[in-house]
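Let's take a walk through this one together. Have the chain open in your viewer and follow along as we go.

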Amino acid sequence: MASLPPNFQQLKQEQLKPFLHDQIIVPDELQANVLITTVDKIYNWSRRSSMWPLLFGLACCAIEMIATAASRYDLARFGMEVMRPSPRQSDLMIVSGTVTKKMAPAIVRIYNQMAEPRYVLSMGACATGGGPFKEGYNVVSGIDKYIPVDVYVPGCPPMPEALIYGLLKMHEKVDRQSVTSVPWYRKDSSAFVPVPRLGPDIFDPRQVELIKDTTLKATTGASATAANGPAADAEGRARGPKTLSDKAKARMEEAKKRWRAKKGVPA
């Protein structure tokens, strides 16, 4: 028995139903030419249906991401078939793989180069929390410590189906946004994320004051304990951090000058 042809008018009405206005009714004679909707619905639909991912991968999760874009899973169904090589043309950053401390500054720098609106998807256990390398000296335990993450996709590595499910959740988040409340249309919101500094270890510049206070407290407590015992240690912690004396600052400046002279670095 031959199958009946699809009712295209009914399919069209089902597809347009989510975008129709809730209260305004179009007269019957204008139904074929007029569609009333809201700015948020049509704006979010256009962004959701043409979200271009940024093309870069860090580890084995990148292979699953590449498979998602291949013919078997076909991201072109969602308007995402073009993975852009430039952050200037990308809407979505998929962090797929292990984030090392050496790579974290580059990721934050690329994120700052993306134009608003921009989104981040953390793919796999390594990008989300460090994965099996969490205790390693060179691995960041979660990219969300440095850039805001919108959707997390668990797995080690997650299958292409899991990534597609995460992308659908990303689309749902976009559909819930409104042009009146999104941060990238506000004048008082700064979207720049400070680039982490890589030295003996990596740290976020936004935590400089916290690191300084903690270090000074530990130094003050250790000095007091060595000089006067546990009682002085408790008293020093109660007083809080102490500033360095002029003599100590002078010694530090002399040490810096000797180092610059040894390395040939201009003052």
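**A walk through the fold**

Start with tyrosine 119, which has a relative accessibility of 2% and so counts as buried. Keep in mind that we're looking at a predicted model here. What does tyrosine 119 pair up with? Its partner is tryptophan 184, and the two rings meet edge-to-face, with 6.3 Å from centre to centre and 85° between the planes. The planes count as edge-to-face because the angle is over 60 degrees. The count of aromatic pairs comes to one, so if you're hunting for ring pairs, this is the place to look.

Where do the two partners sit? Tyrosine 119 belongs to strand S2 (residues 119-123), while tryptophan 184 is in the loop between helix H6 (160-175) and strand S4 (197-198), so the pair ties together parts that are 65 residues apart in sequence. Tryptophan 184 is buried too, at 18% relative accessibility, where the cut-off for buried is under 20%.

Stay around the start of S2 for a moment. Arginine 118 lies over the face of tyrosine 111, and the distance to the ring centre is 4.0 Å. Proline 117 lies in the loop between H4 and S2, and the peptide bond that joins glutamate 116 to proline 117 is cis, with omega at about -5°. There's another cis bond to look at further along: the one from cysteine 156 to proline 157, where omega is near -15°. Proline 157 is in the loop between strand S3 (151-153) and H6.

That loop between S3 and H6 also holds proline 154. Is proline 154 buried or exposed? It counts as exposed, with a relative accessibility of 65%. Its C-alpha is 8.4 Å from that of serine 122, although 32 residues separate proline 154 and serine 122 in sequence.

Now zoom out. The protein has nine helices and five strands, and along the sequence they follow the pattern α-α-α-β-α-β-α-β-α-β-β-α-α-α. There are 267 residues in the protein, and 31% of them are buried. Of the contacts with a separation of 6 or more, 71% are between residues 24 or more positions apart.

For a look at how helices pack, turn to H3 (residues 61-69) and H6. Their axes come within 9 Å and cross at roughly 75°, and H3 and H6 are therefore roughly perpendicular to each other. Which residues make the contact? From H3 you have Glu64, Met65, Ala67 and Thr68, and from H6 Pro160, Leu163 and Ile164. Sort the residues of this H3 and H6 contact by type and you get five nonpolar, one polar and one charged.

While you're in the helices, find tryptophan 45 in helix H2 (residues 39-48). Tryptophan 45 counts as partly exposed, at 38% relative accessibility. The C-alpha atoms of tryptophan 45 and histidine 171 are 8.9 Å apart, with the two positions 126 residues apart along the chain.

Two loop residues are left for the end of the tour. Aspartate 74 sits in the loop between H3 and S1, and it has a positive phi of about 60° although it isn't a glycine. It counts as partly exposed, with a relative accessibility of 33%.

Threonine 98 is in the loop between strand S1 (92-96) and helix H4 (104-113). Its relative accessible area is 17%, so threonine 98 is buried. What does threonine 98 touch once you leave aside its neighbours within four places in sequence? The residues in contact with threonine 98 are Leu58, Ala59, Cys126, Phe133 and Val139.

Conventions: Residues numbered from 1 in each chain as written. Predicted model: local features only at pLDDT ≥ 70, side-chain atom pairs only at ≥ 80, totals over all residues. Heavy atoms only, no water. Phe/Tyr/Trp six-rings, centres within 6.5 Å; stacked < 30°, edge-to-face > 60°. Helix = DSSP H or I, 4+ residues; strand = E, 2+ residues; numbered from the N terminus. Buried < 20%, exposed > 50% of the residue type's maximum accessible area, 1.4 Å probe, protein only. Lys NZ or Arg CZ within 6 Å of the ring centre and 35° of its normal. Axes fitted to C-alpha atoms, helices over the stretch in contact; angles between N-to-C directions. Parallel < 35°, antiparallel > 145°, perpendicular 65-115°, else oblique. Contact = heavy atoms within 4.5 Å. Nonpolar A, V, L, I, M, F, W, Y, C, P; charged D, E, K, R; others polar.
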